[in-house]
Amino acid sequence: MESYITFNNNNIIEFCVYNKIKNDTEFYLHFQMKNLKHAVKLFSEMKETINKINSKTHINVLLCCSGGLTTSFFAQKINETVELLDLNIHVSAVGYHMLYQMKENYDVVLLAPQIAYELAETKALLKDKIVKEIPTGVFAKYDVHAMLDIIQDSIDKSQNVENSDNKKHISFKRNTKLKETVLCLSLYKNNHHNYINYRIYHHQHIKLEKEIVKNTISLDDIYSVIDICLLDYPLLTKIAISIPGIVDNGNVLSTFVENCNCHLQDILEEKYKISVIIANDVNSAAIGYYASQNKYDSFCFLFQPIGLDAGLGTVIDGKLITGNSYLAGEVKFLSLELSQPKEELSVTPKGILELVYKLILTIVCIISPSVIVLYSDLIDDTQVVEDMLKGTFAGHVDDYHINIIKIDNLQQYILLGLFNLCIDNNK
């Protein structure tokens with residue numbers, strides 16, 4: 001683990017906690033020190049993150065089988081040997097149905113022979129993890145030493161692989177003109193961390209891009225980002241913010257951000273005397289996708305996260321559909337006929353497939369778009385969904401086809417969409 005505090009000009013302080021085992025930033029923020037109480041609170045959050053990492057500095061390995069029973073016994077045997085040899089490894093076991101819900105806590109995922117047929121899909125869905133099959137002979141004999149060799153060899157090889165940066169900016173394809181300086185800020189949750197991604201656009205060009213990583217996000221964190229941006233860009237003319245939840249004319253409801261169930265637009269405009277736009281995150285992504293291409297003027301943008309409710313943004317003839325009380329797209333309220341409770345389905349690839357299929361089926365029956373844009377970490381092959389829909393309408397609609405386009409970077413589209421909201425607000 002590596003942690004540091006940096007003191008910059010204008011009383012700007014940076015806190016960072018980097019996990020060397022996971023090669024990932026666990027905590028990062030920068031803020032302008034205005035009062036000691038706020039700074040102490042942020043420092044306490046940093047210390048809490050450090051303590052959590054220090055309590056589990058070992059490499060976390062997850063053994064996975066169909067139900068978790070046989071791998072639990074194997075994991076126990078491995079941990080006993082690890083303790084004797086004083087190795088920095090800890091092994092746990094889980095049934096396959098819980099793998100994707102728990103994946104963020106583990107560095108290595110090893111599949112038992114009885115579910116080896118899931119290996120290709122698991123590798124495709126867990127691109128940032130080491131995923132391997134346990135050899136049948138090793139698993140049958142509970143060969144602890146062979147397993148430790150497999151684990152160590154996997155780790156050694158992964159550390160020699162150079163990580164590629166997959167954050168290529170998505171460019172505008174529509175005619176976009178805004179000769180102003182604007183701040184676009186996206187708040188979102190991903191498993192155990194909360195993030196603020198933000199950009200400064202100046203005359204359509206990205207001048208600054210940053211990310212804050214914390215365990216919780218509050219209204220004070222939004223203030224900190226705006227305060228810092230105003231120091232370097234005092235001529236900011238607009239601030240656009242996306243946030244999960246229902247956003248009704250600047251009033252935010254049902255969001256995860258602390259102290260943010262309020263009329264956020266009024267609060268920020270009163271505080272900063274700058275025009276502020278507040279939008280739902282999936283609606284922002286839909287607008288961003290519209291701006292990123294010039295082939296489709298009408299489509300639905302579906303976001304199905306792991307373990308959370310889905311969201312929908314709909315664009316018809318280039319216009320976002322928000323509906324009465326901005327409830328259009330709040331598909332979490334749909335009463336779907338499901339094989340299991342939604343919270344159970346939303347944590348496995350097969351469960352997510354059922355949810356996505358039935359959500360799209362409902363959308364088709366109401367709007368019947370020719371294009372669905374999909375963001376979901378647990379859907380690797382959209383052709384499967386297309387074929388399921390085609391089979392549903394076979395014999396009722398001749399040659400039915402829907403084009404499902406999978407995207408891999410939600411935040412890029414959200415930030416692009418926020419910039420376009422600034423343009424629309426300028427008309």
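In this predicted model, a good place to begin is strand β4, residues 59-65, which pairs with β5 in the parallel sense over seven bridges. One position to find on screen is Leu62, which stands opposite Ser92 in β5. Helix α2, made up of residues 69-85, packs on the sheet here and touches both β4 and β5. The direction of α2 makes about 175° with that of β5.

Now widen the view to the sheet itself. Strands of a sheet pair through backbone hydrogen bonds, and they can do so either parallel or antiparallel. Here four strands form an open sheet, and reading across it gives the order β5-β4-β6-β7, with parallel pairing. At the edges sit β5 (89-95) and β7 (130-133), each of which pairs on one side only. From one strand to the next, the twist averages 20°.

Let's return to helix α2, where you will find Thr81. Is Thr81 buried or exposed? Its relative accessibility is 15%, so Thr81 counts as buried, the cut-off for that word being under 20%. Beyond its neighbours within four places in sequence, Thr81 is in contact with Val144, His145 and Leu148.

Next, look at strand β2 (residues 12-19), which holds Phe15. This residue is buried, with a relative accessible area of 4%. Who surrounds it? Leaving aside neighbours within four places in sequence, the contacts of Phe15 include the aromatic residues Tyr4, Phe27, Tyr28, Phe31 and Phe43. Ile5, Leu29, Ala39, Leu42 and Met46 are also among the residues that Phe15 contacts. You can also trace a link across the sequence: Ile212 is 197 residues away from Phe15 along the chain, and their C-alpha atoms are separated by 9.9 Å.

Helix α8, residues 264-272, is worth a look down its axis. Its residues Leu264, Leu268 and Tyr272 are buried. Why do these three fall on the same side of α8? They cover an arc of only 35° around the axis, which puts them there together. The general rule behind this is that an α-helix has 3.6 residues a turn, so residues three or four places apart point the same way. As for what they meet, the buried residues of α8 pack against α7 (219-232) and against three strands, β11 (238-243), β13 (251-253) and β14 (275-280). Just after the helix comes Lys273, which takes a positive phi of about 55°.

Further along the chain, Ile407 has its place in the loop between β19 (403-406) and α13 (410-426). Although it belongs to a loop, Ile407 is buried, with a relative accessible area of 5%. Not counting residues up to four places away in sequence, Ile407 touches Tyr289, Phe301, Val373, Leu374, Tyr375 and Tyr413. Leu374 is 33 residues from Ile407 in sequence, yet the two lie 6.2 Å apart in space, C-alpha to C-alpha.

Finally, consider the empty space inside the model. Rolling a probe the size of a water molecule over the atoms shows where such space is left. How many cavities of 30 Å³ or more does a search of the whole structure find? There are two, and the largest has a volume of about 80 Å³. Leucines are well represented in the lining of this largest cavity, with Leu308, Leu334, Leu336, Leu355 and Leu359 among the residues there. Gln304, Asp309, Ala310, Val331, Lys332 and Lys342 also line it.

Terms used:
Residues numbered from 1 in each chain as written. Predicted model: local features only at pLDDT ≥ 70, side-chain atom pairs only at ≥ 80, totals over all residues. Heavy atoms only, no water. Buried < 20%, exposed > 50% of the residue type's maximum accessible area, 1.4 Å probe, protein only. Helix = DSSP H or I, 4+ residues; strand = E, 2+ residues; numbered from the N terminus. Arc of directions from axis to C-beta. Contact = heavy atoms within 4.5 Å. Pairing = 2+ DSSP bridges. Axes fitted to C-alpha atoms, helices over the stretch in contact; angles between N-to-C directions. 1 Å grid on protein atoms, 1.4 Å probe; cavity = no way out; pocket = protein on both sides within 12 Å on 5 of 7 lines; lining within 4 Å. Points joined across faces, edges and corners; volume = space filled by probe spheres on them.
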